[in-house]
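Q: Please take a close look at one part of this structure. Then work outward from there and connect it to its surroundings.

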Amino acid sequence: MGLTDARLGELAEHLVTVPGVVGVLLGGSRARGTHTPDSDTDLGLYYRGPLDTGRLGELAAEVAGPGARVTATGEWGPWVDGGGWLTVDGGPVDWIYRDVDRVRACWADAERGRYAFHVQAGHPLGVTDFSYPGELASGRILADPSGELADLRAGMRVYPRPLAEALVAGLWEADFLVGLARKAVSRGDSAYVAGCLFRMAGVLAHALHGAAGHWLINEKGAVAAAAALPGAPARFKTRMDAVFATVDGDPVRLAAAIDLAADLVLETTDACATMLR
């Protein structure tokens, strides 16, 4: 079960009393309205260092019990900065650190059409730097005493055209990955083929979202979200499912999977070109 709006507001107001915390954002599926009853409640803790993680840990213990703990900044890795996995009022609540100055820098890059996938544990495709502004643009601000988050988000109301064009231009990689996968067919190397096709699927999903002007901030559900976009290739998710269902150690089936993938790459390229006009 999720927290009530009143409880979320109360918790956010406590969080912004912690030195370093600039504001609090409700993110994830609960902000988008796509959650299920057992979905986590994701709270982005936007901070400007130094963040007082000692006081934050005390607050975590107050709301989630004496066993609750939070990390130091950077403890979870370079792009999922840190936070805490807590249980509050019987439900899972994640506190996730976000350096507000880094969010601002990533937004400036997105406006210029610059992006990259960054290695991060738990993210097999990689974390996109534009996911930082994407989270802020698509989340719900719960506390923002200085108004900084609202001011920053005001510029994000329109998806940046340069980013859309860059993501569509990045479709060359999807075609390249299909070619690489074909070289592994004769060896029956299903793991390598699956890896190539997984990344290909992510590149296609990001390009379709960019062309449609919609933020995509997570690998989870990316193919289904892309399939729901106006202008996406017909039966995009069903056909992508068929690609991965065909991957095994049989070279004949591997070749068939790659042929299906190649068709999706071509159709996605055409669809993105149409969507961007």
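A: Start at glycine 122. This residue takes a positive phi near 90° in the hairpin of strand 5 and strand 6, which has two residues between the strands. Strand 5 covers residues 117-120 and strand 6 covers residues 123-128. The two pair in the antiparallel sense over three bridges. Glutamine 120 has histidine 123 in strand 6 as its bridge partner. Strands are DSSP runs of E with at least two residues, helices are runs of H or I with at least four, and both are numbered from the N terminus. Two strands pair if DSSP finds at least two bridges between them.

A word on the basis. This is a predicted model, where local features need pLDDT of at least 70, side-chain atom pairs count only at pLDDT 80 or more, and totals for chains, interfaces and linings use all residues. Residues are numbered from 1 along each chain as its sequence is written, and side-chain values use heavy atoms, with hydrogens and water left out.

Next comes an open sheet. Its five strands have the order 3-4-2-1-7, with mixed pairing. Strand 3 (83-88) and strand 7 (140-143) stand at the edges with a single partner strand each, so one side of each lacks a neighbour in the sheet. The twist averages 30° from one strand to the next. Within the sheet, strand 2 (residues 41-47) pairs with strand 4 (residues 91-99) in the parallel sense, over seven bridges. There, aspartate 42 has aspartate 94 in strand 4 as its bridge partner.

Helices lie across these strands. Helix 4 (residues 100-111) lies across strand 1, strand 2 and strand 4, at about 70° to strand 4. Helix 1 (residues 5-15) lies across strands 1, 2, 3, 4 and 7, running at about 60° to strand 7. Angles run from 0 to 180 degrees between N-to-C directions, and axes are lines fitted to C-alpha atoms, for helices over the stretch in contact. Contact means heavy atoms within 4.5 Å.

Further along is a helix pair. The axes of helix 9 (residues 190-212) and helix 11 (residues 236-245) come within 11 Å and cross at roughly 170°. That makes the two helices roughly antiparallel, a term for angles over 145 degrees. Helix 9 residues including Leu197, Phe198 and Leu204 meet Phe236, Met240, Val243 and Phe244 in helix 11. By class, this contact has eleven nonpolar, no polar and no charged residues. Nonpolar covers Ala, Val, Leu, Ile, Met, Phe, Trp, Tyr, Cys and Pro; charged covers Asp, Glu, Lys and Arg; the others, Gly among them, count as polar.

Conventions:
Parallel < 35°, antiparallel > 145°, perpendicular 65-115°, else oblique.
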